[in-house]
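Here is a guided walk through one protein model, written for someone who likes to follow contacts from residue to residue. Keep the sequence and the 3D view open as you read.

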Amino acid sequence: MISRVNFAGWHRNRFVWVAVILLAVSAGTVVLVNRAGPKAEPADLQAQITARMRSTLEQADPGQHNHAGHNVQQAAATEKPAVICGVRVYGYEPSEATALADVQTVYGFHLCGVAEQKRPWDVAVKLAGPVIMDMSTEPPGIQVVEATAEVMFTDRVRQMLPPKYADLALKEALTESEMADQRRRYDAAAGL
């Protein structure tokens, strides 16, 4: 039989408190893991989108993202020079996408250098500016944002990009780490 003295003193038992603490820690861990789960995936998705954007631009013929009439000088050899790109993703649609296959459109910035042999970065042909990628096609479609004879660059950016990305495109380009990585890869591709 349980006496009132034993029942009333249950809270003084150290095993009961260990169980209470373990239960509280377990419940807190479950809540934190469930909260962190969905937020951890977009960072991974962002990295996947960045990699896909970079590889698409680097594999594309420079004419597909050519700017202002820059033409790559082809050497006597038939080998095409490598295109080395740095990219920055401003955003994507649908914004609630959780997998790369769900992403339809990517808005970002690209800076590519055509790595002709022994040609330093400072004199290399460069292709740069805001870019829109249609990820629903294979290969993804590339649309470069450029001024026209009738429309100034800033107005064209605002016409082609959603407002939240247009504001970024007019202020921000590559991060320092992305630029450093691009220069390292360019120098290797150009044989410098």
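## Starting from E178

Leaving aside residues up to four places away in sequence, E178 touches R54, C85, G86 and V87, where a contact means heavy atoms within 4.5 Å. E178 itself sits in helix α5, which covers residues 176-189. Helices (H or I, at least four residues) and strands (E, at least two) are DSSP runs, numbered from the N terminus. With a relative accessible area of 12%, E178 is buried; buried means under 20% relative accessible area, exposed over 50%, and partly exposed in between (1.4 Å probe, protein chains only).

A word on what you are looking at: this is a predicted model, in which local features need pLDDT of at least 70 and side-chain atom pairs count only at pLDDT 80 or more, while totals for chains, interfaces and linings use all residues. Residues are numbered from 1 along each chain as its sequence is written, and side-chain values use heavy atoms, with hydrogens and water left out.

## The chain as a whole

The protein chain has five helices and four strands. Read from the N terminus, the order of these elements is α-α-β-β-β-β-α-α-α. Of its 192 residues, 33% count as buried. Among contacts with a separation of 6 or more, 63% are made by residues 24 or more positions apart. The accessible surface comes to about 12100 Å², and 58% of that belongs to carbon and sulfur atoms; these areas come from the Shrake-Rupley method with a 1.4 Å probe, and for residues only the protein chains shown count as cover.

## One disulfide

C85, one of the residues that E178 touches, is also part of a disulfide. The link joins C85 to C112, with an S to S distance of 2.0 Å; a disulfide is a pair of cysteine sulfur atoms within 2.5 Å. By this rule the count is one disulfide. The link of C85 and C112 is right-handed, with 110 degrees about the S-S bond. Because C85 lies in strand β1 (residues 82-93) and C112 in strand β2 (residues 105-115), the pair ties together parts that are 27 residues apart in sequence. C85 counts as buried at 0% relative accessibility, and C112 counts as buried at 0% too.

## The nonpolar cores

Which residues have the most contacts inside the largest nonpolar core? They are M53, V103 and V106, in a core of 22 residues. A nonpolar core is a set of buried Ala, Val, Leu, Ile, Met, Phe, Trp, Tyr and Cys residues joined through side-chain atoms within 4.5 Å. Two or more residues of this core come from each of α2 (14-59), β1, β2, β3 (126-134) and β4 (141-144). The largest share, five residues, is given by β1. Apart from this core lies another, of 19 residues, with V145, A169, L174 and A190 among them. In soluble globular proteins, nonpolar side chains tend to be buried together.

Not counting residues up to four places away in sequence, V106 touches I49, M53, V89, G91, Y92, V131, I132, M133 and M135. G91 lies in strand β1 and is buried, with a relative accessible area of 7%. With the same sequence neighbours left out, the contacts of G91 are T105, V106, Y107 and Y165. G91 and Q46 are 45 residues apart in sequence and 8.6 Å apart in space, C-alpha to C-alpha.

## Aromatic pairs

Two of the contacts of G91, Y107 and Y165, lead on to the rings. A search of the whole structure finds two aromatic pairs. Rings of Phe, Tyr and Trp (its six-membered ring) pair if their centres lie within 6.5 Å; planes under 30 degrees apart count as stacked, over 60 as edge-to-face and the rest as tilted.

| Pair | Type | Centre to centre | Between planes |
|---|---|---|---|
| Y107 and Y165 | stacked | 5.1 Å | 25 degrees |
| W121 and Y186 | edge-to-face | 5.1 Å | 80 degrees |

Y107 lies in strand β2 and Y165 in helix α4 (residues 163-171), so their pair ties together parts that are 58 residues apart in sequence. Both Y107 and Y165 are buried. W121, in the loop between β2 and β3, and Y186, in helix α5, are 65 residues apart. W121 is buried, as is Y186.
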